[in-house]
Amino acid sequence: MIRRKMLSLLLAVALIVALVPATVAGAAVKSVNVTIDGKKQTYSVSPRIENGRTLVPYRAIAEALGGTVSYDAKSKKATIKKSGQTIELTQGSKSARINGSAVTLDAAPLNVSGTLLVPLRFVGESLGVWVTWNQSSSTAVLETKRTFKHDLGSTTLNGVPKRVVVLFNGGVDISVLLKVKPVGAVESYIQQPFYEYIRSNLIGTKTLGDETQPNVEAIVALKPDVIIATKDRHEGIYGQLSKIAPTIVTKDLADWQDNLQVMSKVLNKEDIATSFLADWKKQVADFKSKLPAKDKGAAISIIRVNPNGTARAYNTGFAYKIFQELGFSTPKAQLAVGQEIIPVASQEQISLLDGDYIFDFTTDWDGDGAILQHQKTWTSSALWKNLNAVKNNKYYKVNSVTWNLSGGALAAKLMLDDLYFYFGLE
Amino acid sequence: MIIIHMGFGGCGIIRYVSLMMLVVLLLTGCTAGASEGKKGSGAVVADDSLQTDSKKDRLALIEAAEIDDVSSAAEEMSSLIKTFKTAVESDDREEAARQAERMAALWKSLSEKAVDAQPEKLQQIEADLVGVLDEVAASDWDKTRLVDLDYSLYQGFRDVKPALQN
């Protein structure tokens, strides 16, 4: 009886010992799938994850996409030609060349049984296909074309665009975030050619006139392979633009998060957008958690003085959306008007500008100070000094570029950072 | 043109040259104005060109802070820029003056370490600090201007800070 029990115990231990390594090995070598336009691919050497990087067989993928590959065993260099593009890779080196320009890979190409495995991201960058990673099915999803449905139609792109034209300032900011230098972009409203906070990233980008009236001839001359426009500004010229190049139209000039998502999908930069938006959500949560109880839900008045000397309050737009996301409210008197932009023509209506806080992004458009004189006239009046926000030292003149004129993702982050200053948060 | 010029005689030439100079001045003035407008900063505080030597001296009189760790000093500066606004808004003049001096002392050391920062950013921060020191010393306290200057300082230092953390 005892001997039988001992034998059972030994067998059980042996079974556990035999199973453990198999489980560990199974966890380490998780299979990686690759699809091209929805079709599952099979390779002699399987794609794999090494040190957190997804590595895929480059030659087979390049050939499946219509490229030709040659390999020099002596120099360990692979040369790939596809659609007029030449890519040079060297086994064991993170440095590569695309059309002669140096690029750096996330990880050096790996030789496994004569097959060169490269980081997944490089496949997209070098072969002009969209690449996304499906975590749940461990699948690298490659797409050779993408169709974008938007408010003004449907636009198909047959490769990740390289010659990008951006026709709104928020989009120009987003292109900088996505590390895509447009061949052409509209110029900024002030600080031309481009806003100072992004200018250094746009050296070499041609200016295409004003966002409200872009220079169509200049766009044609650039031979873009995509035009990124926005409905608010470019609905009237959409037909014209579409004849120049595939045109993708975002739905709301001020909705920087949607604009970022659309542009990241067009430009094959979804990983950057996902990471930026995750960080944004985290910072919004941090701001809300640090905001003192007295300021939670405070009524925020966003105003500006107009060139003709009148003023207005905003219940719409870039800054307004950010305040809403942060949980602030709109002054009741403004809500009662029922308009998105509330005109305030004279001092008699000045109470419409009031709130718990007033943020003023008046812009000195002409640089002659005339509008600032109008602003001074408003803020010097006895009625102004009687506003709640003013009496409580809560009237602030803010950066008109990052709070209003730009409307991009990087501007949003700067505005949110400014709010840590204004609300005294660490 | 030449015929008309000849017809003016000596006095006419002077008048003509004066007129031309006026036209040139007006034209260049207009162009610069328009150009400056296009290059407007969008910021609420500007014009460091208005600094007088006496105002600059106020900063010059402050001794640079001794810094052991650049990163900690940069964090202290960031924190001071925020608390300075609170001191101004709560009318604590003594505290605001103390913090302004500390910011200036820190900046005098930090500015030497920010070698990779854009020179114009460094100049703007210096101009803002000069403005802050001047305003906290004024008998007539302009809180709005102080907060505007502090905001400009906040934005400027945010841009320069990465160069201090490299």
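Two residues are in contact if their C-beta atoms, placed from the backbone, lie within 7 Å. The structure in these exercises is a predicted model, in which local features need pLDDT of at least 70 and side-chain atom pairs count only at pLDDT 80 or more, while totals for chains, interfaces and linings use all residues. Residues are numbered from 1 along each chain as its sequence is written, and chains are lettered from A and ligands numbered from 1 in the order in which they are written.

**Exercise 1. Describe the surroundings of A:Leu116.**

Step 1. Begin with the secondary structure, where helices (H or I, at least four residues) and strands (E, at least two) are DSSP runs, numbered from the N terminus. A:Leu116 belongs to strand S11 of chain A, which covers residues 115-119.

Step 2. Next, list the contacts, leaving out residues up to four places away in sequence: A:Leu116 touches A:Tyr58, A:Arg59, A:Ala78, A:Leu89, A:Gln91, A:Pro109 and A:Asn111.

Step 3. Now decide on burial, for which a residue is buried if 20 or more other C-beta atoms lie within 10 Å of its own, exposed if 12 or fewer, and partly exposed in between, with C-beta atoms placed from the backbone. Because 23 other C-beta atoms lie within 10 Å of A:Leu116, this residue is buried.

Step 4. Finally, set sequence beside space: A:Leu116 and A:Val45 are 71 residues apart along the chain, and their C-alpha atoms are separated by 9.2 Å.

**Exercise 2. Work out the order of the open sheet of 5 strands in chain A, and say which strands stand at its edges.**

Step 1. Two strands pair if DSSP finds at least two bridges between them. With antiparallel pairing, the order in this open sheet of chain A is S5-S6-S7-S8-S9.

Step 2. Strand S5 (68-72) and strand S9 (101-104) of chain A each have a single partner strand, so they stand at the edges and one side of each is left without a neighbour in the sheet.

Step 3. From one strand to the next the twist averages 20 degrees, where axes are lines fitted to C-alpha atoms, for helices over the stretch in contact, and angles run from 0 to 180 degrees between N-to-C directions.

Step 4. For one pair in detail, take strand S7 (residues 85-90) and strand S8 (residues 95-98) of chain A, which pair in the antiparallel sense over 2 bridges. Within this pair, A:Ile87 stands opposite A:Ile98 of S8(A).

**Exercise 3. Follow the pairing of strands S23, S26 and S27 of chain A, and find how S23(A) is enclosed.**

Step 1. Strand S23 (residues 300-305) runs parallel to S26(A), and 4 bridges join the two; here A:Ile302 has A:Phe359 as its bridge partner in S26(A).

Step 2. S26(A) is also joined by 3 bridges to strand S27 (residues 395-397) of chain A, again in the parallel sense, and A:Ile358 stands opposite A:Tyr395 in S27(A).

Step 3. Look at both faces of strand S26 (residues 357-360): A:Tyr357 and A:Phe359 lie on one side, A:Ile358 and A:Asp360 lie on the other, and all are buried.

Step 4. In S23(A), A:Ile300, A:Ile302 and A:Arg304 point one way, whereas A:Ser301, A:Ile303 and A:Val305 point the other way. Since 6 of the 6 residues of S23(A) are buried, this strand is largely enclosed by the rest of the structure.

Step 5. S23(A) is joined by 3 bridges to strand S24 (residues 311-314) of chain A, in the antiparallel sense, with A:Val305 opposite A:Ala311. The hairpin of S23(A) and S24(A) has 5 residues between the strands, and there A:Gly309 takes a positive phi near 95 degrees.

**Exercise 4. Place A:Ala319 in its helix and name the residues that A:Ala319 touches.**

Step 1. A:Ala319 lies in helix H11 of chain A, which covers residues 318-325.

Step 2. With 23 other C-beta atoms within 10 Å, A:Ala319 is buried.

Step 3. Not counting residues up to four places away in sequence, A:Ala319 touches A:Ile302, A:Tyr314, A:Phe359, A:Trp403, A:Asn404 and A:Met415.

Step 4. A:Ala319 and A:Ser406 are 87 residues apart in sequence, and 11 Å separates them in space, C-alpha to C-alpha.

**Exercise 5. Summarise the secondary structure and burial of chain B.**

Step 1. Chain B has 6 helices and 0 strands, and along the sequence the pattern reads α-α-α-α-α-α.

Step 2. Of the 166 residues of chain B, 31% count as buried.
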